Amino acid sequence: MKKLIGALCFTVLILNAYGQTKYTISGYVTDDLGEELIGASVLLNNQLRGTVTNTYGFYSLTLEEGTHELEVSFLGYEVQTVNIKLTENKRLNFSLKESAELIESVEIYAKGRDINIREVEMSTNTLQMKTIQKLPLLLGETDIIKTVQLLPGVLSASEASGGFHVRGGGVDQNLILLDHAPVYNASHAVGFFSVFNADAIKDLKLYKGGIPAEYGGRLSSILDIYMKEGNKTEFHGSGGIGTLSSRLTVEGPVVKEKVSFLVSGRRTYFDVLFLPFSQDSMARESDIYFYDLNAKINYTINDNNRVFLSGYFGRDVFRMGDMFDMDYGNFTVTARWNHVFNNRLFLNVSTIYSNYLYDLGVEEDLTTFNWKMTIKDLNQHLDFTYYLNPNNTVKFGLQGIFHNFNPAEVTGKFVSDTLTEYEIPINYSIPNIFALEYGIYLSNEHTITSNLTLLYGLRYSLFQNIGGGQSIMFDRSDPVTYIVLDTLHYSRGEIFNTFAYGLEPRLSVRYTLNSISSVKASYNRMFQYIHLASNSTASLPLDFWFPSSPNIKPQIVDQVALGYFRNFFNNQFETSVEVFYKWYKNSIDFKDHAELLLNDEYEGQLRIGTARSYGAEFMIRKQQGKLTGWVSYTYARTFKKIPEIYEGKEYPASYDKPHDLAVIVSYDLFERWNFSANWIYTSAPPRTLPSQRFNYGGMIAPYYSDRNSIRIFPYHRLDISATFRLNKVKKNFEQYLNLSVYNVYMRKNPVMLSFREDPDQPDVTKAYMIYLYRIVPSITYTFKF
């Protein structure tokens with residue numbers, strides 16, 4: 001570790017020695033409300049030289065002494081051009097003004113939106129909230145996760161799931177971050193809606209490949225979501241009343257230009273407006289709702305120091321009288337300090353707490369059962385950015401996470417129903433699991449020529465299990481059933497499993513062919529040390545997370561990707577084609593008929609092998625003008641090969657869906673009307689299903705097909721939406737009315753299949769399709785002030 005840190009520091013010093021320039025201009029780029037703009041361009045006019053703002057809106061550009069013309073731009077904002085005379089280091093902040101008049105300005109649009117050609121990153125998608133909020137709504141709820149599922153290379157886990165698959169990865173292989181805090185379950189209502197209130201979100205970025213070295217811990221993707229900072233100049237608010245829920249967001253300055261805040265809340269009211277009037281007595285005594293609260297405050301101490309404190313708290317509650325009780329939710333807190341050492345060195349320090357809780361209770365007669373599960377993380381990040389010169393931007397840092405897993409804590413009592421009643425207490429738990437995860441990284445974005453840019457980096461990750469805890473040793477000679485040989489117990493604080501570590505190289509290359517096209521390539525290796533146990537194809541609250549251990553090696557993936565990017569009609573249309581190949585080591589699957597629920601020997605249900613994914617992604621996108629949207633198509637395959645499963649032969653993963661097509665269109669008709677629609681088609685997933693039946697001792701038993709060998713129904717759906725601004729002209733108080741129809745042509749998309757004996761023909765077993773809804777209209781009233 002010491003040698004690695006020394007090598008990283010030596011590399012930075014060498015780069016510094018050969019990269020000195022004379023003067024540096026630096027500062028922040030914000031909108032006219034004080035929100036930092038992520039990825040805004042700061043360029044020398046009519047040149048490709050320049051930089052972009054980091055995730056905190058900060059930029060730094062070192063130039064030769066003399067007079068320069070700078071152009072600052074961001075999609076949907078007026079371009080600012082300023083002449084500066086550099087005779088010393090300068091601090092210069094920019095505030096860009098949003099302007100609807102720019103919608104049809106092709107000239108200004110062309111200046112601001114060729115960044116997809118110039119940037120070295122590939123396999124990434126950035127979405128602004130203005131784009132997401134125009135899409136059709138399910139029951140009046142703008143849904144970030146459902147929008148992400150419309151991007152190329154991203155597949156929905158199922159109709160009723162907030163989980164998603166990226167380039168052949170599992171739902172647990174995506175790291176979802178909200179202001180740097182990990183979110184373990186990103187869904188409300190068991191997957192119908194996401195936990196992210198769109199009114200509180202600034203923007204998001206999805207990394208599918210070429211993942212920068214500052215990110216680690218997951219194999220497939222990073223979904224980085226940022227909350228708004230809060231208006232620094234004046235009070236504003238927004239809200240809405242929908243079919244399912246209401247929401248309200250308030251933001252503004254505490255001290256103008258110095259301290260600002262944001263508070264945003266959302267709650268459903270099905271339990272308030274409908275259940276009390278039900279004819280069923282149990283329904284009247286039930287609760288079904290979810291809520292979430294976002295809050296943030298930031299304080300600009302001076303030009304060199306800013307502090308932020310943000311939090312999220314959300315919960316789902318399902319109570320069916322006294323018989324059934326389930327609630328789950330996330331709680332996160334992020335404290336950040338941004339410090340500018342000088343015009344070229346920027347530091348972000350983050351302390352992050354994350355808590356995911358699941359609680360299930362059942363009561364029948366006098367018998368009670370309660371199961372609690374929690375995941376608690378405490379993270380510490382130190383992230384540096386050093387703007388060495390216009391051709392080199394160096395990032396380096398340290399990261400550490402303390403994990404605390406509580407898989408199961410069960411309490412209750414069992415009361416017999418015999419004439420001689422007796423009571424048996426229930427007190428069962430799976431021991432807590434503690435672990436430490438570390439990361440250290442160094443990367444450099446190196447512009448070699450005006451046409452060629454490299455982004456290269458190295459990450460070193462380390463994972464350690466900590467006592468008190470236990471490790472079970474298995475006899476693996478029988479591929480069907482692992483036999484427990486011994487259980488090792490570790491004292492509190494004792495470190496074990498110290499061999500889970502590795503180097504994770506990262507490389508991205510961009511070669512610009514001309515001003516409107518470029519070719520990009522990337523390679524990355526990722527390690528994943530925590531995993532998800534689930535017998536379901538969707539991501540459900542009942543699933544539980546578990547860490548690597550002496551029995552479970554970290555999963556590893558290597559990915560290569562190649563892409564061609566081309567813009568048309570003065571950058572109004574962005575097109576891209578990307579191909580990728582991924583190969584996995586220590587890929588996890590579960591044995592047939594695995595028993596995962598409340599099983600402290602769950603590691604014996606796992607089977608380890610290899611996997612591979614490959615595919616091609618096509619996208620055409622238009623972000624300016626009255627007509628906006630995108631069309632994406634993905635062809636991808638994913639296969640696993642586990643020695644103890646399917647006789648060691650290769651089989652498709654349960655989320656292998658070769659074809660995925662999404663068409664998203666939004667059109668501004670006149671000044672007050674917006675119409676939008678999206679159509680989705682996805683291939684049927686493979687399943688292991690009963691294909692025959694036989695009589696065994698007078699009982700009918702199913703005979704199952706080969707592993708994931710049957711595909712039933714493809715998924716497709718059309719959604720439409722119309723939004724009308726009630727004000728004739730935009731004022732301080734704006735009102736909108738939205739009408740959305742989800743699943744317009746009433747497609748029956750199955751969530752699962754149920755196999756039952758035909759009551760009229762006992763020798764016949766029939767498959768019954770279970771689907772959630774055919775058509776869902778909704779109306780939503782929203783306002784801004």
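Here is a short conversation about the cavities and one tryptophan of this structure.

Student: Before we start, what kind of model is this?
Tutor: Residues are numbered from 1 along each chain as its sequence is written, and side-chain values use heavy atoms, with hydrogens and water left out. Local features need pLDDT of at least 70, side-chain atom pairs count only at pLDDT 80 or more, and totals for chains, interfaces and linings use all residues, since this is a predicted model.

Student: How many cavities of 30 Å³ or more does a search of the whole structure find?
Tutor: A cavity here is a set of points on a 1 Å grid over the protein atoms alone where a 1.4 Å probe fits but cannot get out. Volume is the space filled by probe spheres set on the points, which are joined across faces, edges and corners. With that cut-off of 30 Å³, the count is eight.

Student: Which strand gives the largest share of the lining of the largest cavity?
Tutor: Lining residues have an atom within 4 Å of a point, and there are 19 of them here. Strands are DSSP runs (E, at least two residues), numbered from the N terminus. Two or more lining residues come from each of S28 (433–447), S29 (452–466) and S30 (469–475). The largest share, four residues, belongs to S30.

Student: Is Trp337 buried, partly exposed or exposed?
Tutor: Trp337 sits in strand S23 (residues 324–340). Buried means under 20% relative accessible area and exposed over 50%, with partly exposed in between (1.4 Å probe, protein chains only). Because its relative accessible area is 32%, Trp337 is partly exposed.

Methods. 1 Å grid on protein atoms, 1.4 Å probe; cavity = no way out; pocket = protein on both sides within 12 Å on 5 of 7 lines; lining within 4 Å.
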